[in-house]
Amino acid sequence: AISVGLGASIAPRLEFSTYGSRVDLQGWGENVVTTGYGDLHSAEGVNLYYTSTFSGTSSASPIVAGAIACMNGYFAANVSTTPMTPAVIRSTLVSTGTAQVT
């Protein structure tokens, strides 16, 4: 498992985030733009609205999952057809990412 904490887009850990030695990675936990609903304009109509208020683990975890998908895609295309193990994925992201500030 990879434990994901919540960070701000321009600041360290959000005050309501899980933190500590068990948290492996941090994803943006506020001000994430997404589609499907929202308060931002779409000239194409309500089916194409988007919002900039997506937040919490609902935004942080998919950001980390997307990074993992990109890593696996690159690995499969350029290194080996055998998938990366979860331990390798976690250690690679932890060693190359930015540590969560407590």
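Student: Is N31 buried, exposed or partly exposed?

Tutor: This turns on relative accessible area, with partly exposed lying between the 20% and 50% cut-offs. N31 has a relative accessible area of 48%, so it is partly exposed. The model under discussion is predicted, and N31 sits in the loop between strand 2 and strand 3 of that model.

Student: What is the sign of phi at N31?

Tutor: Most residues other than glycine have a negative phi. In this model N31 is not a glycine, yet its phi is positive, at about 55 degrees.

Student: How should one read the overall architecture, and in what order do the elements run?

Tutor: One begins by counting the elements and then follows the chain. The protein contains four strands and two helices. Starting at the N terminus, the order is β-β-β-β-α-α. The radius of gyration is 16 Å, whereas the globule rule gives 13 Å for 102 residues; the value is well over the rule, so the protein is more spread out than a compact globule. The C-alpha trace spans about 45 × 35 × 20 Å along its principal axes.

Student: How many of the 102 residues, as a percentage, are buried?

Tutor: Buried residues account for 25% of the 102 residues. The accessible surface of the protein amounts to about 6,600 Å², and carbon and sulfur atoms hold 59% of that surface. As for contacts between residues at least 6 apart in sequence, 34% of them join residues at least 24 apart.

Student: Why may the length of helix 1 be said to agree with expectation?

Tutor: One sets the expected span beside the distance between the end C-alpha atoms. Helix 1 covers residues 57–78, and at 1.5 Å a residue its 22 residues should span 32 Å; the end C-alpha atoms lie 31 Å apart, which agrees.

Student: Which residues of helix 1 are buried?

Tutor: They are S59, A60, V64, I68 and M71. These residues pack against strand 1 (4–7), strand 2 (25–28), strand 3 (32–40), strand 4 (50–54) and helix 2 (86–96).

Student: Which residues make up the largest nonpolar core?

Tutor: The core has twelve residues: V4, L6, A8, L14, L25, A60, V64, I68, M71, M84, I89 and L93. Strand 1, helix 1 and helix 2 are the elements that give two or more residues to this core. Helix 1 supplies the largest share, four residues. L25 serves as a worked case: beyond its neighbours within four places in sequence, L25 is in contact with I2, S3, V4, G5, V64, L93 and V94.

Student: Is S59 buried or exposed?

Tutor: The cut-off for buried is under 20% relative accessible area. S59 has 2% relative accessibility and therefore counts as buried. This serine lies in helix 1. A polar atom of the S59 side chain lies 2.9 Å from the backbone oxygen of W28. Aside from neighbours within four places in sequence, the contacts of S59 are W28, G29, E30, V32 and F54. Of these partners, E30 is 29 residues from S59 in sequence, with a C-alpha to C-alpha distance of 7.4 Å.

Student: Which residue is joined to T51 by a polar contact between side chains?

Tutor: The partner is T53, at 2.8 Å. T51 belongs to strand 4, and at a relative accessible area of 1% T51 is buried. Leaving aside neighbours within four places in sequence, T51 touches V32, V33, T34, Y37, G38, D39 and L40.

Student: Is P83 buried or exposed?

Tutor: The cut-off for exposed is over 50%. P83 has 61% relative accessibility and so counts as exposed. Its position is in the loop between helix 1 and helix 2. P83 is ten residues from G73 in sequence, and their C-alpha atoms are 9.1 Å apart.

Note on methods. Residues are numbered from 1 along each chain as its sequence is written. This is a predicted model: local features need pLDDT of at least 70, side-chain atom pairs count only at pLDDT 80 or more; totals for chains, interfaces and linings use all residues. Side-chain values use heavy atoms; hydrogens and water are left out. The radius of gyration is taken over C-alpha atoms; the globule rule is 2.2 Å times the number of residues to the power 0.38. Buried means under 20% relative accessible area, exposed over 50%, partly exposed in between (1.4 Å probe, protein chains only). Contact means heavy atoms within 4.5 Å. Accessible areas come from the Shrake-Rupley method with a 1.4 Å probe; for residues, only the protein chains shown count as cover. The expected span of a helix is 1.5 Å times one less than its number of residues. A nonpolar core is a set of buried Ala, Val, Leu, Ile, Met, Phe, Trp, Tyr and Cys residues joined through side-chain atoms within 4.5 Å. A polar contact is a pair of N or O atoms within 3.5 Å; within protein, one must be able to donate a hydrogen and the other to accept it, and residues adjacent in sequence count only if both atoms are side-chain atoms.
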